[in-house]
Each structure stands twice: as C-alpha cells, then as structure tokens.
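Student: I'd like a close look at one part of this model, with the whole chain as background. Please start broad and then zoom in.

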Amino acid sequence: MKILVNEIEEHTDWTISDVSIDNVKCFYSVEDEYREQKIKGETRVDAGTYPLELRDSPKFSHKWLVNPDGGFEIVWHEDATEEQKKNWKPHQLIWIKNTPRHEFCLIHWGNSDDDTEGCLVIGLSLGYDGKRQRIVKSSRICYQKWYPVMAREVAKGNSTIEFKRINGK
C-alpha cells in the first residue's frame, strides 16, 4: 500500500493535505507547519517517502479497541459494549518510521494542528474552528473507516507514505 499526502494549503501555523491510498483520494489531513528549525510538537514531517509499521502508543492505543479476529475492526472505547471491553484489545497505531526530525510520528484522529505534536491527523472534510484555524472534520468517523484498511496492509509489510510539499521541504 502507498499513501500519498499531497499538500494543498500551507499556513504559518498549519498544513492541509489531500490523502490518497493507492491513487484513490480518501480523506484530508492537518499537520503542524513547516519550520526550518524543529520545535518539538510544532513541526510537520519533511517531504519524502517513509515506511509504515504498527506500534503501541501509551497515549492513544487504549482509545480504540480492536477486534481480535485479525480484521482490524475498531470501536471507540466509550462506545464499546461490555463484551467488546472484555474481549477486544487496545489497538496499535500506524507509525510513520524514519522521519528525519521525528521519533514517533503517528496517524491518528483529532481536529487541528493543536492535536498533532508533529503527527498526521485525518478527517473526512475541511472546515474552520472558532479561531479561524483550518481543521479536519469527522476525524473519528474517518479513522474508524480507514484504520482497518490501512492497518491490514501495514501489517503485511512494504507499506509506505509519501509527503509531497508545495515548497518541496
């Protein structure tokens, strides 16, 4: 699987992109802005192609539960039935490996660059928040829909993500 993050809007505080999986546009993303000098939690991933893996996250894994049948179906922890809470396990996130200036860059849910700390936040549509900041909307719905598709392929190996930037950086 190849994910393409194609930047469409660059701002001094955020970056908005179209995201495609195997040449099919699927959703949008928001990230932090470009910075020449990295500031922890405030700098996006550099242009380039990176391998993907699954990994546990102390901060996020417990927020979604994954069906142990191997199909990567997930449910939000607050919406899980008692049976799911008992039998399903915390999910592993998709890790964007070997990024030059980030150690644990993940694909996850959220709304704005305030939710990223350098990660890729995904959503089904674009909008603005009350501060006129660009955001992705319907992020948890997007994550629940696309996580199983992406995670299944990442688990097989040889999946990559490419970041194409307006400024080439």
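What radius of gyration would a compact globule with 169 residues have, and what does the protein chain have? After that, please take me closely through strand β13 and its surroundings in the barrel.

Tutor: Happy to! This is a predicted model, in which local features need pLDDT of at least 70 and side-chain atom pairs count only at pLDDT 80 or more, while totals for chains, interfaces and linings use all residues. Residues are numbered from 1 along each chain as its sequence is written, and side-chain values use heavy atoms, leaving out hydrogens and water.

For 169 residues, a compact globule would have a radius of gyration near 15 Å, and the protein chain agrees, with 15 Å. That radius is taken over C-alpha atoms, and the globule rule is 2.2 Å times the number of residues to the power 0.38. The C-alpha trace spans about 50 × 40 × 30 Å along its principal axes. Of the 169 residues, 50% count as buried, meaning under 20% relative accessible area, with exposed being over 50% and partly exposed in between (1.4 Å probe, protein chains only). Among contacts (heavy atoms within 4.5 Å) with a separation of 6 or more, 58% come from residues 24 or more positions apart.

Now to the secondary structure. The protein chain has two helices and 13 strands; these are DSSP runs numbered from the N terminus, helices being H or I with at least four residues and strands E with at least two. Eight strands form a closed barrel with mixed pairing, in the order β1-β2-β3-β10-β9-β8-β4-β13. From one strand to the next, the twist averages 30 degrees; axes are lines fitted to C-alpha atoms, for helices over the stretch in contact, and angles run from 0 to 180 degrees between N-to-C directions.

Your strand, β13 (residues 160–164), runs antiparallel to β4 (residues 48–55), and four bridges join them. Two strands count as paired if DSSP finds at least two bridges between them. Within this pairing, Y50 stands opposite I161 of β13. Helix α2 (residues 139–156) packs on the sheet, where β4 is one of the strands it touches, and the helix direction makes about 120 degrees with that of β10.

Two residues of β13 are worth a closer look. T160 lies in this strand and is partly exposed, since its relative accessible area is 24%. Leaving aside residues up to four places away in sequence, T160 touches M1, K2, I3, T49, Y50, P51 and L52. E162 also sits in β13, but it counts as buried because its relative accessibility is 16%. With the same sequence exclusion, E162 touches K2, I3, L4, V5, G48 and T49. Its side chain makes a polar contact with the side chain of K2 at 2.9 Å. A polar contact is a pair of N or O atoms within 3.5 Å; within protein, one must be able to donate a hydrogen and the other to accept it, and residues adjacent in sequence count only if both atoms are side-chain atoms.

Elsewhere in the barrel, β10 pairs with β3 in the antiparallel sense over three bridges, with Y28 opposite G123. It pairs with β9 in the parallel sense over two bridges, and there L120 is the bridge partner of I107. Both faces of β10 are covered, as L120 and I122 on one side and V121 and G123 on the other are all buried. In a regular strand, side chains alternate between the two faces of the sheet.
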